[in-house]
Amino acid sequence: MKPPPFAYHAPATLAEALDVLAAHGADAKVLAGGQSLIPLLNMRLAEPGHIVDINRVAGLDGVRIVGSEEDAQAPPGGRTGGKGVRVGALARHAAVERSAGVAAVQPLLPAALRHVAHPVIRNRGTVVGSLAHADPAAELPAVLAVLGGTVEAVSAAGRRTIPAADFFTGPLESALRPGELAEAAFFPALPPRTGVAFTETSRRHGDYALAGVAAVVGLDEDLRVSTARVGYLGVAATPLVLDLTPRARQAQDGRPPGAADWSGVAGYVRDHLDPEPDIHAGADYRRHLAGVLTERALRAATADALDRAQTPGVHDEAEW
Amino acid sequence: MGGTRVFGEPIPRREDPRLLTGQGRYLDDLGRDALAAAFVRSPHAHARILDIDVTDALDVDGLVAIYTWEDLPGRVAEPLPLLIPHPSLTHGRTAYPLARDVVRHVGEPVAMVVARDRYLAEDAASRIRVDYDPLPAVVGIEEAARAEHLVHDDVPGNVGAVLEQRTGDVDAAIEAAPHVLEFRLDIERSASMPLEGRGVYARWDADDGSLRVYSSTQASTSVRAAIAAKLGLPPGKVEVIAPDVGGGFGVKIVHPWPEEILVPWAARLLDREVKWTEDRREHFVAAAHERGQVQHVRVGFDDEGRVLGLDVRILHDHGAYTPYGVIIPIVTSTQLLGPYKIGAYRAEVVSLYTNTVIVTPYRGAGRPQGVFCMERTMDRIADHLGRDRAAVREVNLIRPDEFPYDQGLTFQDGRPLIYDSGDYPALLARIKELIGWDSFEEERARAAAEGRRIGIGLGCYVEGTGVGPYEGGHVEIDTSGRVHVATGLTSQGQGHETVFAQIAAAELGVPVEDVRVTTGDTRRFGYAVGTFASRAAVMSGNAIALAARKVREKALRIAAEALEADPRDLEITDGVVHVKGDPSAAVPLRTVAVLSNPLRYAFDEEAQRATQFAVGGDATEPPLRGEEPGLEGRDYYSPVRSTFAAGMHAAIVETDPDTAEVRILRYAVVHDCGRLINPRIVEGQIHGGVAQGIGGALYERMVYDESGQLLNASFMDFLMPYATEIPRIETAHLETPSPLNPLGIKGAGEAGVIPVSAVIASAVEDAEGIRVHSMPLSPDDLYRLRRRAERDESLRTRSGARAARERAT
């Protein structure tokens with residue numbers, strides 16, 4: 001379990017990094033946290049000729065709340081127009097997980113990050129690296145997908161912004177092109193009167209989930225459930241998003257504000273999923289589990305939404 | 001204080017500061033400048049080798065040598081030894097160090113590459129082209145038994161051994177029994193999986209014609225014997241040292257591994273240091289697994305649940321070769337009986353070849369399977385009769401006044417299976433009390449009111465420990481008063497440096513801090529058996545005690561002369577020999593050490609001081625006067641047969657009604673390993689064992705596909721439990737001394753792992769009201785079991801949670 005020979009590049013600037021990536025195209029791999037790439041190399045499952053270690057490139061480790069006053073000073077390309085969290089390519093999971101600003105703007109991020117492997121891995125691994133690795137069983141792709149976030153890609157030829165819906169193209173496959181670096185990811189802020197929940201079942205604490213659910217539930221001005229979106233991990237070739245808004249209205253129907261009845265959603269979810277079996281669990285179980293977890297997550301997200309709507313001071317945007 | 005209180009005290013492990021601060025010296029920490037070996041291993045489960053083409057590999061800069069079977073000379077080219085033959089093993093087969101013509105499992109070594117470093121060795125290995133003609137692979141116990149294809153052409157039916165154990169007329173007993181049950185049980189493969197893999201590092205000294213080998217082994221003396229024999233070297237020219245070893249759990253008792261012959265052979269041939277450090281992927285496919293069995297049980301019993309006849313037919317998967325013989329089937333079929341006296345008994349174990357990694361003992365060594373069988377049987381009987389599971393066990397227990405108890409079988413040491421001592425009813429009473437067995441129904445009702453599903457389970461075992469034939473100890477006190485203890489068996493982190501020091505300190509009357517312990521180094525002790533079968537404390541502990549007693553007697557003889565006293569009036573306190581009741585008439589052991597050697601150059605202060613006690617004034621006597629020089633002693637302990645420890649575990653689990661996850665809420669252990677040398681270390685052994693047991697019960701399995709590929713050969717997919725999966729473990733001890741050895745101790749190393757699968761199965765079955773007949777049990781397994789039980793009433797228990805729920809409605 002030693003990697004085959006490769007050329008190692010340690011550029012000091014973004015421009016240098018992009019030059020190396022442009023020169024070697026598909027034969028180059030970007031090394032950020034290395035928590036997936038290094039095992040792949042050691043097991044000789046990946047044999048790139050060039051490793052481009054971006055850890056020395058300045059300015060890529062930012063975790064910024066954008067769409068606020070602070071964002072006015074952001075460099076060109078760092079702005080996205082909307083409010084949210086912009087995570088640079090070298091920002092470690094742990095930095096995002098522990099950021100009070102992130103928790104206030106998009107609490108789904110820390111909620112999901114707590115399920116990413118173990119603290120030592122989160123200290124090294126990066127959020128953007130996890131997205132670029134595009135493992136459909138990983139937490140962050142599902143979070144980006146359910147929130148409708150974007151990935152900012154940069155290459156010697158220029159920059160482009162890729163919506164989550166277009167970014168994940170298959171298992172371990174993304175829309176990034178040879179020569180491109182995922183420079184940052186943007187996670188939109190949580191709108192008012194909205195709640196989130198993340199839940200997953202894994203064989204061991206910190207393992208990839210057998211199935212996992214990221215739920216976002218919105219209330220209207222009367223605090224009645226009006227929208228529901230659920231992102232799934234571990235049940236499809238790419239992160240899957242179900243818009244359960246029609247089911248949300250049904251769940252709220254005839255009940256007091258915020259007291260939606262989500263039972264029965266599991267059956268709907270099971271009918272809309274077609275997971276693959278693997279050595280850890282069969283397709284039937286995963287489908288069943290996704291249904292169970294959806295109900296749990298929707299209940300928790302509804303409670304969270306109600307809580308946020310009723311105690312606006314605590315979650316006030318001004319705190320940004 | 002006299003040091004005697006040191007025995008039985010929970011002193012901290014003396015090896016921990018070194019091991020926990022990164023100061024340990026493991027195999028791969030040695031030989032930094034050595035050449036590295038890597039192996040080309042078979043990607044096929046079963047194939048004929050047509051051609052090996054090394055041409056492309058020759059371009060790799062830094063390549064030193066490539067070897068295939070054709071290159072091996074003399075005895076190195078022969079099949080590896082069948083270590084433990086047995087009359088039942090009629091068709092034992094072992095592998096060649098490098099495959100000759102045919103490979104029989106994925107991972108079997110085909111070629112060895114030696115290069116400047118491991119990276120280059122792997123580069124070269126990846127360029128060697130081996131042309132294979134794939135043959136049909138035999139995977140899985142039942143496919144092996146069907147024998148549509150053979151693993152070895154000359155082994156009909158894939159049957160390596162048929163082992164039978166029998167007492168009484170089991171057919172008649174079952175026929176006459178008021179109740180008879182028949183069922184099948186399954187246990188899947190797991191593995192020892194030490195965090196440090198195997199490894200060998202060899203240095204040839206051409207001037208001296210000698211070889212020094214470091215191996216991450218559980219049996220350095222036997223590795224030495226094997227290397228000496230294979231390479232044609234006198235044993236005195238081979239030294240084998242086990243450095244710090246990062247866990248063994250059984251897999252490192254196998255010897256010689258192919259690599260343990262090939263690496264020293266290459267080192268001598270090349271006259272260069274060569275090192276091989278196994279990586280994790282190699283360990284999965286080229287070391288050893290254990291556990292896999294299918295058991296068919298037929299049991300007859302009376303209205304009380306007393307077992308009148310038990311007939312077990314076991315299919316055991318031993319993998320592609322049998323270097324370690326039939327030890328696991330022997331242990332399973334004898335230790336299955338546990339703490340019970342049952343009527344007639346017959347066990348037939350059919351040990352089968354498959355195209356998978358070899359199967360050799362892993363902590364528990366066949367006992368977890370035997371205990372699973374017996375304890376599942378006890379639960380089935382209780383369920384059938386509608387009786388309490390603990391009560392059914394109680395009526396079958398051997399009573400305290402029945403020891404020594406002869407089970408009428410032959411144990412793994414070839415001696416009668418006679419339990420030396422124990423108090424099983426007391427163990428049962430204690431575990432019931434610890435877990436709250438009798439008040440559990442109230443707890444279940446409280447949980448049910450909250451919508452939670454919980455269950456309780458129990459498992460009992462007896463463990464033969466301290467198997468012979470012998471182990472030795474050497475104790476030497478030097479002229480600075482330090483005590484050097486050596487024993488030949490090896491350490492893999494158990495705490496031998498601590499407990500052996502405690503034993504020596506207690507026997508000699510010296511502070512434990514003054515004792516240094518060396519294990520597993522043939523330079524210090526040449527005759528030993530090894531560390532396995534929970535034998536180190538019993539075997540080397542007693543040998544060290546006996547050796548220390550010799551040294552103590554000698555010290556008293558010498559001191560008596562110096563003090564002009566009767567040796568019987570002397571005792572040793574804190575390293576000083578003195579007249580009982582008169583501390584002024586004293587001589588320290590360091591001075592006695594000087595006196596013990598008539599050659600007394602005064603090169604240190606101690607020697608100068610010793611002259612005031614000058615001994616041997618009688619000019620007519622030779623200076624040694626019948627004694628050997630030096631304050632040292634050596635002795636061996638050789639037991640007539642094994643000593644039998646016992647224990648009982650209980651657990652309370654919660655099963656998630658929706659996700660089918662199993663959570664262990666409480667886990668309790670009552671354990672009796674005779675006199676405790678160090679309760680803290682015994683507790684640690686139990687905790688580690690239980691953790692491995694939980695791995696086997698809920699997480700670990702080797703997933704082979706039908707072509708013999710291991711699909712989960714990594715720590716990402718082979719699920720060893722983390723600390724987060726292990727509950728707090730509550731323990732209590734009974735101390736029933738063994739009458740068989742001077743210290744009254746029994747082994748404790750494997751105990752923790754043995755009954756865990758049985759206990760968890762029992763508890764999950766109780767929570768769910770669904771029969772659990774195979775382990776491990778994943779959430780998916782439980783989910784499918786629930787679905788099947790909805791349709792199939794025979795899968796549901798009569799008593800327990802389901803019955804209670806049904807009664808309530």
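Which residues does T522(B) touch, not counting residues up to four places away in sequence? In this predicted model, T522(B) touches S220(B), T221(B), R224(B), V238(B), E239(B) and V240(B) under that restriction.

**T522(B) and its surroundings**

T522(B) is found in the loop between β21 (515-519) and α14 of chain B. T522(B) counts as buried because its relative accessibility is 7%, and the cut-off for that class is under 20%. One of the residues that T522(B) touches is V240(B); the backbone nitrogen of V240(B) lies 2.9 Å from a polar atom of the T522(B) side chain.

**Helix α14 of chain B**

The loop that holds T522(B) leads to α14 of chain B, a helix that covers residues 536-563. From its first C-alpha to its last, α14(B) reaches 38 Å, close to the 40 Å expected at 1.5 Å a residue. The helix is mostly covered, with 20 of its 28 residues buried. After α14(B) comes E564(B), whose phi is positive, near 55°.

**The interface of chain A and chain B**

Contact between the two chains involves 26 residues of chain A and 32 residues of chain B. The area buried between chain A and chain B is about 2,500 Å², and carbon and sulfur atoms give 57% of that area. On the side of chain A, M1(A), R203(A) and R204(A) supply 30% of the area that chain A buries against chain B, more than any other three residues.

Polar and charged interactions also cross this interface. The rule finds four salt bridges between the chains. In one salt bridge, the side chain of R296(A) meets that of D656(B), at 3.0 Å from N to O. Residue pairs in polar contact across the interface, both at pLDDT 80 or more, number 15.

Two elements of chain A, β11 (194-202) and α12 (283-310), each supply at least two residues of the side that touches chain B. Of the elements of chain A, α12(A) gives the most to that side, with six residues. The table gives the make-up by class of the side of chain A that touches chain B.

| Class of residue | Side of chain A that touches chain B |
|---|---|
| Nonpolar | eleven residues |
| Polar | eight residues |
| Charged | seven residues |

Key. Residues are numbered from 1 along each chain as its sequence is written. Chains are lettered from A and ligands numbered from 1 in the order in which they are written. This is a predicted model: local features need pLDDT of at least 70, side-chain atom pairs count only at pLDDT 80 or more; totals for chains, interfaces and linings use all residues. Side-chain values use heavy atoms; hydrogens and water are left out. Contact means heavy atoms within 4.5 Å. Buried area is the accessible area (1.4 Å probe) that two parts lose on being put together, summed over both. A polar contact is a pair of N or O atoms within 3.5 Å; within protein, one must be able to donate a hydrogen and the other to accept it, and residues adjacent in sequence count only if both atoms are side-chain atoms. Helices (H or I, at least four residues) and strands (E, at least two) are DSSP runs, numbered from the N terminus. Ala, Val, Leu, Ile, Met, Phe, Trp, Tyr, Cys and Pro count as nonpolar, Asp, Glu, Lys and Arg as charged, and the others, Gly among them, as polar. The expected span of a helix is 1.5 Å times one less than its number of residues. Buried means under 20% relative accessible area, exposed over 50%, partly exposed in between (1.4 Å probe, protein chains only).
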